[in-house]
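Here is a short tour for anyone who likes to see the geometry spelled out. Keep the viewer open and follow along.

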Amino acid sequence: MDRDICGIPIRLQLMKQYPQILIFLFLLAMVCKKEMNTQAQEVGLKIPKGFPLPNIPDNNPLTPSKIALGKRLFYDTILSIDSTIACGSCHKQEFAFADNKSISPGIEGKLGFRNVPSLANVAFVAHFNKDGGVPTLDFQALVPIEDDFEMGISIQDLAKRLNADSSYQSAFEYNFGDVASPFTITRALAAFQRTMISGNSKYDKVMRGEETFSTQEKRGYDLFTSEKANCSNCHSGFNFTNGEFMNNGLYLDYSKDTGRQRVTIDSADIGKFRVPSLRNVELTAPYMHDGSLASLEDVITHYKSGGQPHPNKSSTLRPIALNENETADLLIFLKTLTDTTFINNSDFR
Ligand code: HEC
Ligand code: HEC
């Protein structure tokens with residue numbers, strides 16, 4: 001198959017042979033878009049202006065009660081072997097569902113090797129984790145649940161635990177017509193996470209014409225998108241990411257964490273990580289895959305230097321001559337991406 005419309009695989013060859021099929025596909029796509037919009041609206045999901053529709057798989061439609069079950073699971077320490085750690089222990093709403101530590105402890109204080117990413121707008125992500133090793137949000141939950149450094153429990157044992165609890169039992173039955181299982185546990189968690197949409201920062205309000213940037217914020221915005229600073233070369237689009245895997249010259253030696261190379265085993269991918277969204281970046285310190293940069297000032301200092309000359313470093317990264325005022329402007333602009341509505345939204349608590 002070459003393309004996928006509403007989950008229906010379409011062969012491009014077929015389209016060439018029967019051009020009439022295009023009209024049918026167009027109508028199908030319209031109906032599909034409308035259906036997804038209605039689904040989003042029914043559960044009260046507001047898709048901000050300028051955002052695309054989120055990826056909601058056909059086998060996991062969003063419903064209010066499934067979202068509620070996902071939320072209960074997200075905050076329940078029953079998901080870890082010794083009942084001490086929940087998803088919400090590392091992904092905290094006050095930090096846009098990231099954390100304020102370089103590395104956040106899992107069970108028994110064990111430390112993994114990556115910094116907790118924000119879950120804001122995770123419904124729009126295409127490849128999960130910083131190396132893109134997980135294909136769907138629904139699958140992703142298996143990683144922390146089974147990881148010895150995070151929750152350390154087999155999904156089968158977790159399912160047994162949940163099925164021994166009568167209120168979980170009835171909630172799974174109600175939402176899936178089934179017991180708690182690897183399929184239903186991960187689907188419920190994904191449904192809740194898909195509602196974590198952040199699009200009401202000052203930046204968004206300015207783009208919608210509801211507010212205006214201060215002169216300093218505007219200078220910072222112009223700099224961010226300028227050829228000189230070139231940030232928007234990678235941090236582009238509605239979610240401030242091009243979704244690609246890139247090496248931003250953090251290190252010369254990535255042997256501690258080779259990034260995308262762990263998935264592709266291709267040396268050209270050493271030190272490449274998925275370009276992170278910069279939404280709520282003021283709240284998600286420390287930064288980078290290992291949380292090694294403590295502040296946004298440190299991040300800007302890094303980019304000003306042009307980064308380490310690693311062979312895989314993106315060729316677009318060069319030293320940037322920013323004076324003190326310009327550095328301050330850029331910083332001020334990054335702070336306009338903070339969405340206080342998102343971190344205070346009681347639907348997520
Ligand atoms: C011990 C801390 C910890 C716990 C507990 C934890 N996470 Fe995470 N989470 C992380 C880290 C670290 C990463 C980055 C992993 C990577 O890139 O390899 C991550 C990545 C993710 C991602 C990928 C985001 C992206 O943009 O690619 C999702 C989704 C996620 N976690 C959801 C969950 C859910 C759901 C749970 C509970 C079942 C959970 N996490 C429990 C630390 C944690
Ligand atoms: C060549 C692509 C590229 C360009 C250009 C670029 N970045 Fe990045 N940026 C990345 C990648 C890749 C990462 C993640 C690196 C990692 O995890 O180690 C990142 C990480 C960041 C982070 C940390 C986010 C977090 O949650 O940890 C910030 C902040 C940031 N960039 C800001 C900027 C600014 C400001 C500019 C312009 C001066 C810029 N970036 C230019 C690719 C780029």
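Just after H13, Gly306 adopts a positive phi of about 85°. The model is predicted, so to speak of local features a pLDDT of at least 70 is needed, side-chain atom pairs count only at pLDDT 80 or more, and totals for chains, interfaces and linings use all residues. Residues are numbered from 1 along each chain as its sequence is written, chains are lettered from A and ligands numbered from 1 in the order in which they are written, and side-chain values use heavy atoms, leaving out hydrogens and water.

Helix H13 itself spans residues 296–305, and its buried residues (under 20% relative accessible area, 1.4 Å probe, protein chains only) are Leu296, Val299, Ile300 and His302. They lie on the same side of H13 because they cover an arc of only 155° around the axis. These buried residues pack against helix H14 (324–335), with contact meaning heavy atoms within 4.5 Å.

Now for a helix pair, H3 and H8.

| Helix | Residues | Residues in the contact |
|---|---|---|
| H3 | 64–74 | Ser65, Lys66, Leu69, Arg72, Leu73 |
| H8 | 166–176 | Ser167, Tyr168, Ala171, Phe172, Tyr174, Asn175, Phe176 |

By class, this contact of H3 with H8 has seven nonpolar, three polar and two charged residues. The axes of H3 and H8, lines fitted to C-alpha atoms over the stretch in contact, come within 9 Å and cross at roughly 145°. The crossing is left-handed.

Finally, the metal: His91 (NE2), at 2.1 Å, is the only protein donor (N, O or S within 2.8 Å) of the iron atom of ligand 1. His91 sits in the loop between helix H4 (87–90) and helix H5 (137–140).

Key: Donors are N, O and S atoms within 2.8 Å of the metal (3.2 Å for Na, K and Ca); water is not among the atoms, so sites may look incomplete. Helices (H or I, at least four residues) and strands (E, at least two) are DSSP runs, numbered from the N terminus. Buried means under 20% relative accessible area, exposed over 50%, partly exposed in between (1.4 Å probe, protein chains only). The arc is that of the directions from the helix axis to the C-beta atoms. Axes are lines fitted to C-alpha atoms, for helices over the stretch in contact, and angles run from 0 to 180 degrees between N-to-C directions. A crossing is left-handed if the near helix is turned anticlockwise from the far one by less than a right angle, and right-handed if clockwise. Ala, Val, Leu, Ile, Met, Phe, Trp, Tyr, Cys and Pro count as nonpolar, Asp, Glu, Lys and Arg as charged, and the others, Gly among them, as polar.
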